[in-house]
Amino acid sequence: MDSTDQAYIIPLLEDDNSREDTKEYTGDGSVTIFGHPASRKHTGNWKACSLTLACFFCSYLAVSSIEKNLVSYLTEVLHETNVAAARDVSAWGGTIYLAPLIGAFLADSYLGKYWTALIFCTIFLIGMVMLIVSAALPLISTDPHVRLAWTDIVSSQYVIVFVGLYMVAIGFGGQNPCITSFGADQFDDTDEDERNKKSSFFNWRYFILNAASLISGTVIVWVQDHDGWLWGFTIAALFVALGAGTFLLGTAVYRFQKPGGNPVARLCQVVVAATRNFSKDLPSDCSLLYELHGQGSSAGGIKKLEHTTGLE
């Protein structure tokens, strides 16, 4: 074989190796917990996202069981008026809807979705434990063999209840967007088959949300009304712990997207770059608009945005 034949064969071999690497690893830049490129075969997909769905089911079941019967708890146990109880429930529910802003910002900018979800799961679980303690205080105070250091058991219970409730609201609200988007990250957008599975993931999430709401509104609320709030809060706390443990089980098979840094700085960079390049003509090849070739971006954890002619 002469040198000319070898010159044609070597590039072909290199192309085959590059194709094998492309098939072996994900094309969206995801990595493992150790920072290595994520394998298509051994990470992600349904085996990973199913654990995030289980965590979401347990978390939503717990918070939904509190939300559906919270007015009854505040009026019957803490002896609030209906107006005060409705006001407190509205403020608590608003905290649940505002907390995702904090969790999403920390996850996308600094900590990543996995670690942010774990931190807020811990806050969630601590809040549930405080609710269990608040439900147990009246039972302890009625025991003639036990003397409490608190002079006013009602005020102590009131403080513990609301601290626990708002820890639950912040914990659940902060972890909710992280777990959902982290589950979606387990599918590679550059692979058509996995991209189709991602749409099924959101369908399953919506089904699980409704299933958890149904179970919490029937079984756990029934336990709260018939067996007491101590059992109701304990069951909810066990579900939160089960969800957190299930989420941890998949650490080795998860795919991780690197956080992209402060979004405010990136936004300012876009404004400055757009101002500088306002008078320049667009190149005919849209690939020249990017600073790097291929799927990756110069900013870690950021995917390239496709060029659009919609604003021309």
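**Entry 1: helix H6**

I started with the bend in H6: the helix turns by about 35 degrees at Ser 216. The bend at a residue is taken here as the angle between axes fitted to the seven residues ending there and the seven starting there. I note that this is a predicted model, where local features need pLDDT of at least 70, side-chain atom pairs count only at pLDDT 80 or more, and totals for chains, interfaces and linings use all residues. Residues are numbered from 1 along each chain as its sequence is written, and side-chain values use heavy atoms, with hydrogens and water left out.

How far does H6 reach from its first C-alpha to its last? I found 51 Å for its 35 residues, close to the 51 Å expected at 1.5 Å a residue. The expected span is 1.5 Å times one less than the number of residues. Helices here are DSSP runs (H or I, at least four residues), as strands are (E, at least two), numbered from the N terminus.

I then listed the buried residues of H6, with buried meaning under 20% relative accessible area, exposed over 50% and partly exposed in between (1.4 Å probe, protein chains only). Among them are Phe 201, Arg 205, Ile 208, Ala 212 and Ser 213. Ser 216, the site of the bend, is also one of the buried residues.

**Entry 2: the chain as a whole**

I stepped back to count elements and found 8 helices and 0 strands. From the N terminus on, the order reads α-α-α-α-α-α-α-α. Of the 312 residues in the chain, 37% are buried.

**Entry 3: H2 against H6**

I looked next at how H2 (residues 45-76) sits on H6 (residues 192-226): their axes are 7 Å apart and the packing angle is about 30 degrees. Axes are lines fitted to C-alpha atoms, for helices over the stretch in contact, and angles run from 0 to 180 degrees between N-to-C directions. H2 and H6 are therefore roughly parallel. For that wording, angles under 35 degrees count as roughly parallel, over 145 as roughly antiparallel, 65 to 115 as roughly perpendicular and the rest as oblique.

The crossing of H2 and H6 is right-handed. A crossing is right-handed if the near helix is turned clockwise from the far one by less than a right angle, and left-handed if anticlockwise. By class, I noted 16 nonpolar, 10 polar and 5 charged residues in the contact of H2 with H6. Ala, Val, Leu, Ile, Met, Phe, Trp, Tyr, Cys and Pro count as nonpolar, Asp, Glu, Lys and Arg as charged, and the others, Gly among them, as polar.

**Entry 4: H2 against H7**

I turned to H7 (residues 229-249), whose axis comes within 7 Å of that of H2, crossing at roughly 160 degrees. That makes H2 roughly antiparallel to H7. The crossing of H2 with H7 is left-handed. Here the contact residues divide into 18 nonpolar, 6 polar and no charged.

H7 itself has 21 residues and reaches 30 Å from first C-alpha to last, close to the 30 Å expected. Its buried residues include Trp 229, Gly 232, Phe 233, Gly 243 and Phe 247.

**Entry 5: single residues of H2**

Is Ser 65 buried or exposed? I found Ser 65 in H2, and its relative accessibility of 0% counts as buried. Its C-alpha is 8.5 Å from that of Ile 215, though the two are 150 residues apart in sequence.

Leu 74 is in H2 as well, and it is buried, at 1%. I put its C-alpha 9.4 Å from that of Val 161, 87 residues away in sequence. Ser 72, again in H2, is partly exposed at 23%.

**Entry 6: positive phi, and on to H3**

I kept in mind that most residues other than glycine have a negative phi. Asn 45, in H2, has a positive phi of about 65 degrees and is buried at 14%. His 79 has a positive phi of about 60 degrees. His 79 is in the loop between H2 and H3 (82-111) and is exposed at 62%.

Where in H3 does the kink lie? I placed it at Tyr 97, about 25 degrees, shortly before Pro 100. After H3 comes Gly 112, with a positive phi near 90 degrees.
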